[in-house]
Amino acid sequence: MAAPGKTAIYPLQILVNYWEVKPQSLSAKLDRLLHQGVTHVSSFVPWQIAENDISHGLTKFLQMLSDRKMSASLILSPEVGVHALYGGLPKDLAKNPEIQARNRDEQPASIVLPPRIFSLPSLHSKELSNRYHAYLAKLDGTIGELGRAQPELLQSLQLVLTGSYFKYYRPASGSQLSAF
């Protein structure tokens, strides 16, 4: 609460999907956010984007933030609601019927969050496990290399690893009985 005659200042944080915006547009958008007082942004790092980041979009995004003295939280887990195709999962994993998770009726365990509807890969799939660990290792390598080559890019960076994606494997009936 602010003292009488003073304006309360609340920190503001915005989600920025850096992979959806061309670098030139992203630069202008970050300038506008900074001008409006936003100094911290969050962004998911979709698995499918990280596996194929030949344009080094993440590095460019971090450079833009550093140039503006902005901080960031990078969310490294796949997230079904991220607005990336298949929730950020690699397409081949999401579309492979041989590794789909099954519900108790042996039907594919599907995610229905319009406009995205797809089946989840099984947590017991060796392919899913290997690829997920490779995704984390690639991000670790990318962040580690940036730390060695351009440590200033990481000074105000927070890495966030959540389990939010994995909650979608719980049956709806079980989720209603126990939230955690």
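This is a short dialogue on reading a helix and a nonpolar core in a predicted model.

Colleague: How many residues does helix α5 have, and what end-to-end span should they give?

Modeller: The 24 residues of helix α5, residues 126-149, should span 34 Å at 1.5 Å a residue, and the end C-alpha atoms are 34 Å apart, which agrees. At the N-terminal end of α5, Ser125 acts as a cap, with a side-chain oxygen 3.2 Å from the backbone nitrogen of Glu127.

Colleague: Which residues of α5 are buried, and what do they pack against?

Modeller: An α-helix has 3.6 residues a turn, so residues three or four places apart point the same way. In α5 the buried residues are Leu128, Arg131, Tyr132, Tyr135, Leu139, Ile143 and Leu146, and they pack against α2 (47-51), α3 (57-67), β3 (71-75), α4 (91-95) and β6 (157-160).

Colleague: Which residues touch the most other members of the largest nonpolar core?

Modeller: That core has 41 residues, of which Val41, Val45, Phe61 and Leu74 touch the most other members. At least two residues of this core come from each of α1 (23-35), β2 (40-44), α2, α3, β3, α4 and α5, and α5 supplies the largest share, six residues. Leaving aside neighbours within four places in sequence, Phe61 is in contact with Val16, Tyr18, Leu26, Leu30, Val41, Ser43 and Leu74.

Colleague: Ser43 appears among those contacts; is Ser43 buried or exposed?

Modeller: Ser43, which is found in strand β2, has a relative accessible area of 0% and is therefore buried, the cut-off being under 20%. With neighbours within four places in sequence again left aside, Ser43 is in contact with Leu15, Val16, Asn17, Tyr18, Trp19, Phe61, Ser73, Leu74 and Ile75.

Notes
Residues are numbered from 1 along each chain as its sequence is written. This is a predicted model: local features need pLDDT of at least 70, side-chain atom pairs count only at pLDDT 80 or more; totals for chains, interfaces and linings use all residues. Side-chain values use heavy atoms; hydrogens and water are left out. Helices (H or I, at least four residues) and strands (E, at least two) are DSSP runs, numbered from the N terminus. The expected span of a helix is 1.5 Å times one less than its number of residues. Buried means under 20% relative accessible area, exposed over 50%, partly exposed in between (1.4 Å probe, protein chains only). Contact means heavy atoms within 4.5 Å. A polar contact is a pair of N or O atoms within 3.5 Å; within protein, one must be able to donate a hydrogen and the other to accept it, and residues adjacent in sequence count only if both atoms are side-chain atoms. A nonpolar core is a set of buried Ala, Val, Leu, Ile, Met, Phe, Trp, Tyr and Cys residues joined through side-chain atoms within 4.5 Å.
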